[in-house]
Structure formats: C-alpha cells, structure tokens
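Please examine the structure shown here, beginning with its sheet and ending with its surface and its pocket.

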Amino acid sequence: SLIIDNIILKWIVQLKSVKNVILYKSTLTFLSKLEVYKSIRDIHRNISEQHEISLKTFMDYIDFSIQENIIEKIPLFDIKKNKEITSKSKYFFTDNWIRNTLTNYTLNNQLLKENLIFIKLKYNNFKIYWGLNWLFSFSFIAEKENKKIYIHLSESTEKTDIKKEVNKLLKIWDNNKKYLIINDIEKLNLRKKEYDSVSILTFNEIIKKDL
C-alpha cells in the first residue's frame, strides 16, 4: 500500500496536480472492482452513489491513469457489424499486483486471470478488444500486423456448457485461432481439446503459450 501511495504521489499528484488524493485512489479502487463493460456515464453514476465526484473530475482521473499507464481502456469490437464501438469499455490494469492491492486482495480469481491475460497480450504488442458476435460476448480479440486471435475465459463448470461455448466460438466465421480457457480440464473429463479452429486450454497453458 505504501508503494502504491508513492506511485500515486509521483505519477498523479505531482505530474497531474491532483489535489484530492483520497478521491483519486477511491476512483482507482472502484475501477479495480469493475467486472463488466459500461459507459463512462454509467460508471460515474455508480461511483457517485459512494463518493461525491463530478463527471469532469471522474473523466480526468481516468485520463490521468491511462496517460501514466496504470490502466487501459478496452473498447468493444462487434464482429457482426465489423465495427469498433467505443460507447462501452472495460478497464484493465497494467499490473495485477496494483489492482489486487487496491482492494486489499479481495478480487476474485477470475477477474485477476482475465487481467493477467490482458497483460500478456499487451506485452506482446497486440491491439486488444472485447469481443461480441451476435449475442455471444467473449473476453478478447487481439490483433497485430496480419495476426488475429480470439480468447474466451470461461466460467463454466459443466462439460455441456463448455461445448456450447466451443460452438459459439466456431460461429466466428474465419480461420483465425480461437482459445477457450477453462479452469480444470481433468475435472471436466474433457478428452477432446481441439475443434477445428478452437483449442481448449487451461489458464496456465495460455499464460505460458507463445502467442
């Protein structure tokens, strides 16, 4: 916590002249808990229920955090419309340790795993989107140069649900690689891990994989 306070002091308070350090840190903490994609106004409305903060100040705090590479805003890419949609975004942290410490280590593992996959994609210089194909919302579309991959971090615990997610990924009509990430292959007793362009991997496997 002392190290994070020092980061905020040097990167935000001194460089950006933020006067209300407590409010800024509360904003960052609120973003660290956010698990869904929302518009700026929706997020501001939610945080205003807990803290008195103007929309202008809230947007400034987000911009400062992005400029200093603490967080990154990920937009939606609608495959059906072949269009980037920026009205709703999700915020990822460039460091899992910072994100988890802000909440006193109370974040669920699924959120931290998703953030760590984001960090891996960012480290490998991918342009990153949240993906939507018809009604199927999935974790990431990642692009760089002529390469594109699709990644979905599943929360399903039943084999039938996993197969449904495989089919949804297969409905993305291109030959680019698609990865479905599950918690425990052995527990689900999955014998088949390859379905045309879709591969089923564990979280550890995707983190170690050369993407």
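The paragraphs below follow the sheet, strand by strand where possible, and then turn to other parts of the chain.

The model is a predicted one. Its sheet is open and consists of eight strands, arranged in the order β2-β1-β3-β4-β5-β6-β8-β7, with mixed pairing. At the edges lie β2, residues 83-93, and β7, residues 194-195, each of which pairs on one side only. Strands of a sheet are held in pairs by backbone hydrogen bonds, and the pairing may be parallel or antiparallel.

Consider next the run from β3 to β5. Strand β3 comprises residues 127-133 and is joined to β4 by six bridges, the two strands running antiparallel. Within this pairing, G131 has F138 of β4 as its bridge partner. The connection is a hairpin with two residues between β3 and β4, and W134 in the turn has a positive phi of about 60°. On the β5 side, β4 takes part in five bridges, and β4 and β5 are again antiparallel strands. Here E143 is matched with K148 in β5 as its bridge partner. The hairpin of β4 and β5 likewise has two residues between the strands, and E145 adopts a positive phi near 50°.

Further along the sheet, β8 has a neighbour on each side in the strand order, β6 and β7. Strand β6, residues 177-182, is joined to β8 by five bridges, and these strands run parallel. L180 has I200 in β8 as its bridge partner. Towards the edge, two bridges join β7 to β8, residues 198-202, and this pair is antiparallel. The bridge partner of E194 is S199 in β8. A hairpin links β7 and β8, with two residues between them, and D196 in its turn has a positive phi of about 55°.

How is β8 covered? Five of its five residues are buried. Side chains in a regular strand alternate between the two faces of the sheet. In β8, V198, I200 and T202 point one way, whereas S199 and L201 point the other way, and all of them are buried.

The surface offers a contrasting view. I3, W97 and Y105 form a nonpolar patch there, with about 330 Å² of accessible area together. Of these residues, Y105 lies in the loop between α5, residues 96-102, and α6, residues 109-123. Y105 counts as partly exposed because its relative accessibility is 49%, and that class lies between the limits of 20% and 50%. The same reasoning applies to V21, a residue of helix α2, which spans residues 21-33: its relative accessibility is 36%, so V21 also counts as partly exposed. V21 and L55 are 34 residues apart in sequence, and their C-alpha atoms are 17 Å apart in space.

The last feature is the largest pocket. Empty space can be located by rolling a probe the size of a water molecule over the atoms. The largest pocket holds about 350 Å³ of space. Its lining has 16 residues, of which E35, K90, E114, S139 and E155 are the closest to the centre. The elements that each give two or more residues to this lining are α6, β4, residues 136-144, and β5, residues 147-153. The pocket thus returns the reader to β4 and β5, which are joined by five bridges, and to α6, which follows the loop that holds Y105.

Methods
Residues are numbered from 1 along each chain as its sequence is written. This is a predicted model: local features need pLDDT of at least 70, side-chain atom pairs count only at pLDDT 80 or more; totals for chains, interfaces and linings use all residues. Side-chain values use heavy atoms; hydrogens and water are left out. Two strands pair if DSSP finds at least two bridges between them. Helices (H or I, at least four residues) and strands (E, at least two) are DSSP runs, numbered from the N terminus. Patches are made of residues with over 30% relative accessible area and no salt bridge: like charges are joined within 9 Å, nonpolar side chains (Val, Leu, Ile, Met, Phe, Trp, Tyr) within 5 Å. Accessible areas come from the Shrake-Rupley method with a 1.4 Å probe; for residues, only the protein chains shown count as cover. A salt bridge is a side-chain nitrogen of Lys or Arg within 4 Å of a carboxyl oxygen of Asp or Glu. Buried means under 20% relative accessible area, exposed over 50%, partly exposed in between (1.4 Å probe, protein chains only). On a 1 Å grid over the protein atoms alone, a cavity is a set of points where a 1.4 Å probe fits but cannot get out, and a pocket is an open set with protein on both sides within 12 Å along at least five of seven lines; lining residues have an atom within 4 Å of a point. Grid points are joined across faces, edges and corners, and a volume is the space filled by probe spheres set on the points.
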